[in-house]
Amino acid sequence: MANEKETIPGTLITLVIGITVTAVSIWYGQNNNLLPEQVSQQAPLVDDLFNIMVVIGTALFLVVEGAIVFTLIKFRHRPGDETDSQPVTGNFSLEIFWTAIPAFIVIGLGIYSVQVYNQMGGFDTGGNMAHHGHAPVQVASLPGSNGPLLAQGGDITYGLGANAEMGVRPADLTVDVAGMQYAWIFTYPDSGIISGELHVPIGQDVKLNLEAKDVLHAFWLPQFRIKQDVIPGQQTQLRFVATKTGTYPIVCAELCGSYHGGMRSQIIVHSPEDYQAWLEANTVAQAPGSEQTLATLTDSDRLAAFTHEFGMDHVGPTIAAHTHL
Amino acid sequence: MAQAQLPLQSPPPQEHTGHAHPEQWSWYHYFLYNTDHKVIGIQYLVTAFFFYLVAGVMALFMRAELATPDPDLLSPDVYNTLLTNHGTLMIFFWIVPAAIGGFGNYLVPLMIGAKDMAFPNLNAIAFWLNPISAVCLGISFLYGGAQAGWTSYPPLSIVTSPNGQSFWILSIALIGTSSILGALNFLVTIYKLKTPDMNWDELPLFCWAMVATSFLALFSTPVLAIGLIMLLFDINFGTGFFRPEMGGDVVVYQHLFWFYSHPAVYLMILPIFGVMSEIISTHARKPIFGYRAIAYSSLAICVVGLFVWVHHMFTSGTPPWMRMFFTISTLIVAVPTGVKIFGWVATLWGGKIRFTSPMLFAVGLLAMFVFGGLSGVTLGAAPFDLHVHDTYYVVAHFHYVLFGGSVFGLYAGIYHWFPKMTGRMYNETLGRIHFVLTFIGTNLTFLPMHSLGMQGMPRRVALYDPQFEFLNKVCTYGSILLGISVLPFLVNMIWSWSQGAPAGRNPWRSLTLEWQTSSPPAIENFDEEPIVWAGPYDYGIDTQSFEPDDPTVAEILAEVGQEMK
C-alpha cells in the first residue's frame, strides 16, 4: 500500500496511533466514573484493580475494533473484482506474539488479583485464625490441620476476614446478620440490640457473621465493593472498615423468591459520637421487658436466637414455614 | 494445498431414476421421524427458532416490567417464572440445539463428504427428545412454572413451586440426554466417516469446533443430569442431598450445576466460532489466517473450559484457594479466545470483504465478542467479581457474548447456508436491515446494563431502586428495537424459502465440500464419492497456476458446476 511517492512512513503512523491509544486508555481508566463512591477500605483496592483492567481493556478494544473498522473500509470488495485475495495462510511469529501478549497480561492480572484479594482480607477466614491460636472455639481442632487450603466441615467460615495488618486482632464490632425472605435482621451481641438496619461506626473494624434462615441470600454493600452469599447451613462472614459517614444501600443479590427485589435495607455509617448516641438510645429501648421490640419478632426469630448454638437445626422449620406463605 | 485431482472424464451424473432415493423430501417429511441428517438439521433449526421467539417474547414482558421501578405489570411470581424460562429456553432450546443440532447435523456430514451421520436413528431420536422435553416444560407452566432461575439453586428450588420445578428438571434431563446422544454421534461421524482423501488438516474448522464441542458435552452433561436428579429426589422423594436441615450441602449443587453449565457456555460459542471461520474466509475470499492455531485453540478452550466453573461461585461458600485458582484458570481462557479473534481479524486484513448479510453478522459478532470478552476478563478477577457478581453487569456481559456472540453467529450461519438448505437466495436488503436493527438494538439494550450493575442493581429483580429508572428505560427501548428486528428476518426467510431466486449450487464460490453438491443436496448428499481437490480455505492459492495445464480453482468450480446440472 505504500507504493505512492510521498506517504507518511507506516512506522510513524503506528507510533502516533500507539501513543494516542495509550493516552486515551490511561485517561479513561482513571476517569470512567463507572463505580459508585468508595466507603470501605476495600473499595479503593477493588477500584484500582478494575481501573487497571479498564486501561488494558480500552487499549485492546481500541486496537482490535480499530483494526476491524479499518479492514472493513480499506479491504472492502470493489465492484467488478472477482479475483481472490493474496493467499496469506498465517504468520508463525505474529501468532506467537499475539498469544504471548495476552498470556502475559492475564498472568499479571492474576497475580495482581491475588494480591488485592489478600489485602481485602480474603485469605483470613476461620482456618487462618486457628493458626494464630486466636479464636477460642477453634482450639479444639488440631493446629495446622485446617489450613487455608482445605475446607473441613463447619470450621471454615467463607468470606472476607481480617487483612494482613489486622492479623490476629479481633474485630472492634461484631454483628450477627440473619437473612430471611425478604429482610435482614441485625443482632448486636455485645449490646443486645436487634435492628432492621445496620449501624456501624466509622473507622472501626466491623465483622458480620452471616447466616440464612431459609434460602440462599447474598449480602451486598455496593459502595463497600463487598458481597458474600448467605448460605443455610454454612457460616459466612464479611469484615470491613467504613471510611465515610452516610447512609448506603444493603442489597440482596441472590434470587431468594418473589420479592427478592424488595429485600433491601440500609447501612448507616456514624461518626463515633453519633454511633455512641444510637447505641445508648437503642440499648435503653430494647432493655429486657420492652415489649414493643419483642412483639415485632416472629417466632422463628426468637427461636433462632436460642437455637443459635445448636447450629442449623432451626433452618428446617423456617423453610417449612415459608412454603406456606 | 490444492491437489487438482478432478477426473475430467468422470462419468456423467446418474439420472434421478437410478437412485436408491429417487425423490427429494416433501414438506411433510420435515414434520415426521426422519433419519436424514439434513432433515434433522432443519428440524432442529426451525423448532429452535420457534423457542427463540417464545423466549424473546418473555424477555419483552420482563423489559416492560422493568421500565418502571415498581412491580406493576406482572406479579413477582410470574416475573420469576419468565426469567427462569427465558434463560432455559434461550440456552437449552435455542442456542444449543440450533448451533449443535441444527448446523452440526446439517453441515458435518456434508463437510466431510459423508452420506449421513454415523448413527442416523440415534440422531433422529436425539431430535425428537426436544419436543418431548418442550412438552415437559409446557406442563411445568400448568403448575406455575419453575421460578428459581435457570440455575435453580436449592433451597429456593426445593421450596418454590415444587411441581413446576420437577417438570422443569425432567425437561432439562431429557434435552441433556439429547445433547449427549448428539455429541457421541458427532465424534464417531467425524472420526469414521470423513472421506479418506481428506487429511485432518483439511478438515473444515467448523468440524474441529464440533469435535471440541462434542467432547465437552460428553464430559460435562452427565454431571448436570446427576445434580438435577438429586434435586428432583430432594423435592419429591424426601432425600436431603441439598437440604441443610438434613445435613445436605447446598453448595455441592452449585458445583455440579456449574461443572456442566460453564462448559455449556462453550457449547454455545464453539460451534459459532466454527461458523465464523467458514464465513469470514469465504466472504473475504482469503485463506483462514492460522488454520492450526484456530483449530487447536478450540481444543484448548475445551480443556481449560472444564476447569473454570467456580468463577460462577466466587461469592458462594468458596474457600480462598479456590477463588484464586479459578481466577487464574478463568483468565487463561482469554488466551485461546484471543488467538481466534486475532486470527479472524488477520483473515479480514487484506481480504476482499463482501458486505453480505452473513458477513455483516459475522463482523458484528467479532466487534461485540471483543467487548464481551473484555468484560469477561474483569469478571474473572475474583476481587472485582465480589462486587459485580449477580448484578446487571453479569447480565450485560453474558448477553454480549451469547446474544452479540452466539445469536449473531446463528443469524450469520442461517444467511450463509440458506441457499444451500433451500436452494433459494434470501433477500440481501432485508438481511442488511435486519443486521442494522439487531446491532443497534443489542447495544442499546445491553450496554447500559454494565453501568446498572456496577452502580448497585442486582439481577433477577422485578422491582428496583428508582435511581436506576432512566437506564432501565433505555434498555427497554432497546429491547423493543430488538423485537422489531426479528420481523424483517422472518419475512425474508418465509418469503425467500418459497419465492426466492434460485441460488444454484455454490453462490458464494466456497471451497468446502457442502457447496460442491446440488442445492438443496440430494438425499444421500453426493451423487458420487466427493474428491477433495483443494483445502477448505485455499482462496487465491490456485489463481496463479504452477503449471499451465493445471486448472485454476475457478475452472474446477465451474467444471463441478457443469457436472451437477
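In strand S11 of chain A, A:Ile268 is the bridge partner of A:His199. This pairing is a handy way into the structure, which is a predicted model. A:His199 belongs to strand S5 of chain A, and both faces of that strand are covered. On one side lie A:Leu198 and A:Val200, on the other A:His199 and A:Pro201, and all of these residues are buried. S5(A) runs parallel to S11(A), which spans residues 264-270, and four bridges link the two strands.

The two strands are part of an open sheet of five strands in chain A, with the order S5-S11-S10-S7-S8 and mixed pairing. At the edges of this sheet stand S5 (198-201) and S8 (226-230); each has a single partner strand, so one side of each lacks a neighbour in the sheet. From one strand to the next, the twist averages 25°. Towards the S8 edge, S7(A), made up of residues 217-221, pairs with S8(A) in the antiparallel sense through five bridges. Within that pairing, A:Phe219 is found opposite A:Gln228 of S8(A). As a reminder for reading such sheets, strands pair through backbone hydrogen bonds, in either a parallel or an antiparallel arrangement.

A further open sheet in chain A contains six strands, ordered S1-S9-S6-S2-S3-S4, and its pairing is also mixed. Here the edge strands are S1 (158-159) and S4 (193-195); each of them pairs with a single strand, so one side of each has no neighbour in the sheet. Further in, S2 (residues 173-180) and S6 (residues 205-212) of chain A run parallel and are joined by seven bridges. A:Leu173 takes the place opposite A:Val206 of S6(A).

A:Val206 also appears among the contacts of A:Phe240, a residue of strand S9 (residues 236-241) of chain A. With a relative accessible area of 1%, A:Phe240 is buried, because the limit for that class is under 20%. Apart from neighbours within four places in sequence, the residues in contact with A:Phe240 include A:Gln42, A:Val200, A:Leu208, A:Leu221, A:Phe224, A:Ile226 and A:Ile267. One of these, A:Val200, is a buried residue of S5(A). A:Phe240 also has a C-alpha to C-alpha distance of 9.8 Å to A:Val39, although 201 residues separate the two in sequence.

For chain A as a whole, the count is eight helices and eleven strands. Of its 325 residues, 46% are buried. Among contacts in chain A with a separation of 6 or more, 70% come from residues 24 or more positions apart. The accessible surface of chain A is about 16,100 Å², and carbon and sulfur atoms contribute 63% of that area.

Chain B has 15 helices and zero strands. Buried residues account for 67% of the 565 residues in chain B. Residues 24 or more positions apart supply 82% of the chain B contacts with a separation of 6 or more. About 18,500 Å² of chain B is accessible surface, with 70% of it belonging to carbon and sulfur atoms. One residue to look up in this chain is B:Ser485, located in helix H14 (residues 469-499) of chain B. B:Ser485 is buried, at 1% relative accessibility. Leaving out residues up to four places away in sequence, B:Ser485 touches B:His434, B:Leu437 and B:Thr438.

Aromatic rings offer another view of the model. Over all chains, a search of the whole structure finds 61 aromatic pairs. In one of chain B, the ring centres of B:Phe50 and B:Phe51 are 5.5 Å apart and the planes meet at 65°, so this pair is edge-to-face. B:Phe51 has 15% relative accessibility and counts as buried. A tilted pair is formed by B:Phe241 and B:Phe242, at 6.4 Å centre to centre and with 55° between the planes. B:Phe241 is partly exposed, at a relative accessible area of 38%, whereas B:Phe242 is buried at 1%.

Charged ends are also placed over rings in both chains. In chain A, the charged end of A:Lys227 sits over the ring of A:Trp220, 4.4 Å from its centre. In chain B, the ring of B:Trp200 has the charged end of B:Lys194 over it, 4.4 Å from the ring centre.

Terms used. Residues numbered from 1 in each chain as written. Chains lettered and ligands numbered in written order. Predicted model: local features only at pLDDT ≥ 70, side-chain atom pairs only at ≥ 80, totals over all residues. Heavy atoms only, no water. Pairing = 2+ DSSP bridges. Axes fitted to C-alpha atoms, helices over the stretch in contact; angles between N-to-C directions. Phe/Tyr/Trp six-rings, centres within 6.5 Å; stacked < 30°, edge-to-face > 60°. Buried < 20%, exposed > 50% of the residue type's maximum accessible area, 1.4 Å probe, protein only. Lys NZ or Arg CZ within 6 Å of the ring centre and 35° of its normal. Contact = heavy atoms within 4.5 Å. Areas by Shrake-Rupley, 256 points an atom, 1.4 Å probe, with all protein chains shown as cover.
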